[in-house]
Amino acid sequence: AGAENVPIPFSPPYIDDDVINEVVKTLRSGWITTGPKVKELEQCVAAYTGVKHALAVNSATSALMLCLHWYGITKGDEVIIPAYTYCATALAVMHLGATPVMVDVQDDCTISPQKIREAISTKTKAIISVDFAGWPCDYDSIIHCISEDTQLQIFNSETEVQQQLGRILLLSEAAHALGATYKNKRVGSCADITVFSLHAVKNVTSAEGGVICLNMPKTFDNSALYNLLRLWSLNGQTKDAFSKSTAGGWRYDIVYPGFKINLPDVLAAIALAQFRKYDAGLLKKRKRIFDFYTAFFKENTGFILPGFYDENKTSSCHIFPVRIKGCTEEMRAKVIEKIAEKNVSVNVHFVPLPMLTIFKNMGFNINNFPNAYQLFENEISLPIYPQLEIEDCKRICHTVLQAVEEIQKKL
């Protein structure tokens with residue numbers, strides 16, 4: 001690492017001996033699907049985020065669908081989402097037959113509470129907020145939007161659960177934000193329900209996976225809700241495979257037309273080993289890299305830097321999205337080519353939803369989301385992961401700076 005021209009990948013998973021040993025231990029245990037490792041991971045995430053119950057499933061997308069389905073969201077319903085996010089935020093809504101209603105974002109890339117207020121209708125059943133790059137959205141302002149008297153009068157409850165909550169559900173898509181904080185609370189305990197991703201590129205990974213943190217108000221029994229969602233994540237079967245495998249424990253029933261979205265132990269083992277050293281090790285290293293990039297690019301007025309912390313928020317340092325002032329999409333593409341020539345991988349987060357074919361075909365137009373476009377057109381995401389040495393970071397920074405200067409000279 002650090003040597004000139006040795007490839008620097010964008011986001012390799014963190015796999016050390018502890019991860020390998022944990023997986024091997026699981027394989028040798030003879031139990032590889034959902035069982036004790038998943039339970040342990042759920043307990044770790046719940047304790048870490050400050051909620052009592054967390055459910056692990058096979059992906060954050062499945063997690064979103066399960067939660068929306070539980071809230072009774074179906075055809076004819078609307079769910080408000082930011083236009084600047086990954087496609088899964090919208091697809092989860094569409095898979096249930098509901099309609100995604102896109103709104104623009106603020107300058108920090110998170111969903112605009114003002115735009116939410118304007119988009120709420122009698123058909124609105126939920127809002128999916130997104131903590132962009134690990135930077136939390138303005139939870140309090142969003143909660144205020146949905147609990148104002150005028151909005152409560154608009155809310156049209158059609159199921160028992162909706163009646164019980166009596167307002168729009170706030171579902172946080174915090175795929176990037178494990179370890180982020182909002183007003184001294186860990187993300188996971190800031191919305192009604194929060195969904196994290198354990199996908200291969202995330203701060204903590206299980207290769208594929210997601211975790212649902214339950215934080216419904218006191219009128220709900222979050223323990224009973226955990227049991228219900230767990231049942232629904234296993235085909236609506238009254239016994240999981242682990243319980244069924246005990247001597248004489250074969251008898252089961254199917255009590256609900258559920259999904260098959262459980263997380264296996266062999267994958268949970270990867271995440272568990274990482275999670276044990278997350279706060280003290282992996283997250284700290286990410287912060288160090290974030291700090292290094294910030295200090296380097298601060299010296300140059302040609303760049304706009306992402307938020308790391310302010311009086312209300314701290315980032316999980318999942319992505320370092322740097323923006324190049326005055327850069328167009330075409331210029332950005334050339335800059336990325338130049339960077340790639342030096343064997344450094346960078347990325348772009350995200351192509352706003354209205355620019356993707358599927359959503360264009362649905363009638364969404366990027367011109368209606370000027371902020372999302374403005375934030376996207378000049379953005380480059382730099383590598384940020386624990387395995388990077390400071391020498392690597394220096395090389396990345398100089399490579400990016402040089403590429404930008406070269407392209408700007410040609411204009």
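The largest cavity is lined by 13 residues, and those nearest its centre are P12, Y14, K202, N203 and R286. To find such spaces, a 1 Å grid is laid over the protein atoms alone: a cavity is a set of points where a 1.4 Å probe fits but cannot get out, a pocket is an open set with protein on both sides within 12 Å along at least five of seven lines, and lining residues have an atom within 4 Å of a point. This is a predicted model, with local features needing pLDDT of at least 70 and side-chain atom pairs counting only at pLDDT 80 or more, while totals for chains, interfaces and linings use all residues. Residues are numbered from 1 along each chain as its sequence is written, and side-chain values use heavy atoms, with hydrogens and water left out.

**Empty spaces**

Rolling a probe the size of a water molecule over the atoms shows where empty space is left. Here that turns up 4 cavities of 30 Å³ or more. The largest cavity has a volume of about 70 Å³, where a volume is the space filled by probe spheres set on the grid points, joined across faces, edges and corners. Its lining splits into 7 nonpolar, 4 polar and 2 charged residues. For these classes, Ala, Val, Leu, Ile, Met, Phe, Trp, Tyr, Cys and Pro count as nonpolar, Asp, Glu, Lys and Arg as charged, and the others, Gly among them, as polar.

Now for the pockets. The largest pocket has a volume of about 520 Å³. Its lining takes in 29 residues, with Y86, H176, S197, H199 and K202 lying nearest the centre. So K202 is a residue to look for twice, since the largest cavity also has K202 among the residues nearest its centre. By class, the lining of the largest pocket has 12 nonpolar, 12 polar and 5 charged residues. Helices α3 and α4 (88–95) each supply at least two of the lining residues, and α3 gives the most, with 3 residues. Helices (H or I, at least four residues) and strands (E, at least two) are DSSP runs, numbered from the N terminus.

The second largest pocket holds about 220 Å³ of space. It is lined by 18 residues, and D108, C109, P306, G307 and P321 are the closest to its centre. This lining divides into 12 nonpolar, 2 polar and 4 charged residues.

**Helices that pack together**

Two packed helices are described by the angle between their axes and the distance between the axes. The axes are lines fitted to C-alpha atoms, for helices over the stretch in contact, and angles run from 0 to 180 degrees between N-to-C directions.

| Helix pair | Angle | Axis distance |
|---|---|---|
| α13 (329–341) and α16 (390–410) | about 130 degrees | 9 Å |
| α3 (60–70) and α9 (222–232) | about 115 degrees | 11 Å |
| α1 (17–29) and α11 (265–275) | roughly 150 degrees | within 8 Å |

Take α1 and α11, whose axes cross at roughly 150 degrees; that makes α1 roughly antiparallel to α11. Angles under 35 degrees count as roughly parallel, over 145 as roughly antiparallel, 65 to 115 as roughly perpendicular and the rest as oblique. The crossing of α1 and α11 is right-handed, meaning that the near helix is turned clockwise from the far one by less than a right angle (anticlockwise would be left-handed). On the α1 side, the contact (heavy atoms within 4.5 Å) involves D18, V19, E22, V23, T26 and L27, and α11 brings D265, V266, A269, I270, A273 and Q274. By class, that gives 7 nonpolar, 2 polar and 3 charged residues.

Helices α3 and α9 also make a right-handed crossing. Here L66, H69 and W70 of α3 touch L225, L228, L229 and W232 of α9. This contact has 6 nonpolar residues, 1 polar and no charged ones.

What about α13 and α16, with their angle of about 130 degrees? That makes α13 oblique to α16. The crossing is right-handed.

**Two backbone oddities**

A cis peptide bond joins H349 and F350, with omega at about -20 degrees. F350 sits in the loop between α13 and α14 (357–360). Elsewhere, K183 has a positive phi of about 50 degrees although it is not a glycine. K183 lies in the loop between β6 (181–182) and β7 (185–186).
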